[in-house]
Amino acid sequence: MNATWRSRLGNTGSTLGIILIVIFCLAPFYWMFVSSIRPASQIFETSFWPREISFENYVAVFDPSRGFGQSLINSVIVAGITTVLALIVATVTAYALARLQFRGKAIILTIIIATSMFPLVAIVVPLLKLFTDIGWINTYQSMIVPNLSFALPLAVWNLTSFFKQMPVELEQAAMIDGCTPGQAFRRVILPLAAPGVFTTAIIVFINTWNEFLIAVTMVNDTRIQTAPVAISKFGGVSQFETPYGSQMAAGVVVTIPLVILVLLFQRRIVAGLAAGGVK
């Protein structure tokens with residue numbers, strides 16, 4: 001077998017592998033979408049496309065009595081504030097860790113990433129007791145603060161790796177031109193670091209948007225609950241009925257903003273991931 005055929009076989013195998021991976025990743029979302037447009041009487045059918053298309057599930061999702069629209073707004077508030085605060089703190093912290101030389105820096109970075117691996121379920125009960133004592137139950141901050149504590153380590157670690165790849169000569173050149181260290185950071189480093197910051201922001205936002213355990217534990221007021229919690233509490237016509245169709249439709253609605261977000265910023269995300277791995 002000559003080199004040309006080997007190359008063709010390799011390209012064909014790579015293409016097939018990519019197609020299989022895409023199908024594997026998108027199959028759950030496709031099935032969720034198909035189930036969401038099935039009538040309630042056909043929800044358990046296993047055909048790849050419904051015999052009859054119905055949008056009754058989407059109408060049911062946005063029934064004012066469910067309050068799902070407000071839940072989406074709550075998710076935007078919680079995820080948005082968490083992302084902004086995490087980026088502000090993580091950007092400054094990561095830049096300091098990347099540029100300053102001091103004893104114990106490697107240990108600090110190890111501790112930072114280790115905190116993100118701490119099991120959330122182990123601290124939910126102590127957090128619930130603490131927030132009950134200080135009157136934070138059924139508030140946005142009861143979700144934002146715990147989410148922030150898990151978002152910050154990941155953001156700091158990602159941005160530290162990114163800043164380390166940026167040459168120190170950039171700041172030195174800016175300071176020769178008359179900039180202070182702070183001005184060099186704001187005017188030179190931050191614009192160049194935009195891809196890494198965007199990548200980190202998307203990761204933090206998606207993780208916070210999908211968070212369920214903290215939200216369902218700290219909030220029992222339907223006016224404050226986030227979208228994942230609202231979906232879990234969807235009820236049917238009777239006590240023993242599970243509205244699978246409405247839950248599938250709500251899942252599609254919750255997923256769409258994340259897909260749009262990634263599509264809008266995909267170039268910056270790819271640039272950030274590539275810049276973080278190449279010197």
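**Figure 1. The second largest pocket of the predicted model and the residues that line it.** In this predicted model, the second largest pocket holds about 150 Å³ of space. Its lining is made up of Leu 120, Asn 147, Phe 150, Ala 151, Leu 154, Val 204, Asn 207, Thr 208, Glu 211 and Ile 214. Two elements, H6 and H9, give two or more residues each to this lining. The greatest contribution comes from H6, which supplies four residues.

**Figure 2. The largest cavity and its lining.** The count of cavities of 30 Å³ or more comes to one, and the volume of the largest cavity is about 50 Å³. Ser 75, Val 78, Met 143, Asn 147, Thr 208, Trp 209, Glu 211, Ala 215 and Thr 226 line the largest cavity. At least two lining residues come from each of helix H3 (68–99), helix H6 (141–164) and H9. Among the residues of this lining are Asn 147, Thr 208 and Glu 211, and these three residues also line the second largest pocket.

**Figure 3. Surroundings of Glu 211, a buried acidic side chain without a salt bridge.** Glu 211 is located in the loop that joins helix H9 (194–209) to helix H10 (213–218). Although Glu 211 is buried, no salt bridge is formed by this residue, and Lys 233, the nearest side chain of opposite charge, is 12 Å away. That separation lies outside the salt-bridge criterion, because a side-chain nitrogen of Lys or Arg must come within 4 Å of a carboxyl oxygen of Asp or Glu. The Glu 211 side chain instead reaches backbone nitrogens: that of Ile 214 at 2.5 Å and that of Ala 215 at 3.2 Å. Leaving aside residues up to four places away in sequence, Glu 211 touches Leu 120, Asn 147, Thr 226 and Pro 228. Of these contacts, Asn 147 and Thr 226 also belong to the lining of the largest cavity, while Leu 120 and Asn 147 belong to that of the second largest pocket.

**Figure 4. The salt-bridge network of Arg 38, Glu 45 and Arg 51.** Side chains of opposite charge can pair when their charged atoms come close. Glu 45 pairs with Arg 38 in a salt bridge whose closest N and O atoms are 4.0 Å apart. Arg 51 also forms a salt bridge with Glu 45, and here the closest N and O atoms are 2.5 Å apart. The members of the network are set in contrasting environments: Arg 38 is buried, with a relative accessible area of 0%; Glu 45 is partly exposed, at 23%; and Arg 51 is exposed, at 64%.

**Figure 5. The salt bridge between Glu 171 and Arg 99.** Five salt bridges are found in a search of the whole structure. In one of them, the side chains of Glu 171 and Arg 99 meet with an N to O distance of 2.5 Å. This pair links distant parts of the chain, with Glu 171 in helix H7 (residues 169–176) and Arg 99 in helix H3, 72 residues apart. Both Glu 171 and Arg 99 are buried.

**Figure 6. The environment of Val 61 in helix H2.** Val 61 lies in helix H2, which spans residues 56–61. The relative accessible area of Val 61 is 0%, so this residue is classed as buried. Not counting residues up to four places away in sequence, Val 61 touches Arg 66, Phe 68, Phe 234, Ser 246, Ala 249 and Ala 250. Tyr 30, which is 31 residues from Val 61 in sequence, is 19 Å from Val 61 in space, C-alpha to C-alpha.

Methods
Residues are numbered from 1 along each chain as its sequence is written. This is a predicted model: local features need pLDDT of at least 70, side-chain atom pairs count only at pLDDT 80 or more; totals for chains, interfaces and linings use all residues. Side-chain values use heavy atoms; hydrogens and water are left out. Buried means under 20% relative accessible area, exposed over 50%, partly exposed in between (1.4 Å probe, protein chains only). Lys and Arg count as positive and Asp and Glu as negative; His and the chain ends are not counted. A polar contact is a pair of N or O atoms within 3.5 Å; within protein, one must be able to donate a hydrogen and the other to accept it, and residues adjacent in sequence count only if both atoms are side-chain atoms. Contact means heavy atoms within 4.5 Å. On a 1 Å grid over the protein atoms alone, a cavity is a set of points where a 1.4 Å probe fits but cannot get out, and a pocket is an open set with protein on both sides within 12 Å along at least five of seven lines; lining residues have an atom within 4 Å of a point. Grid points are joined across faces, edges and corners, and a volume is the space filled by probe spheres set on the points.
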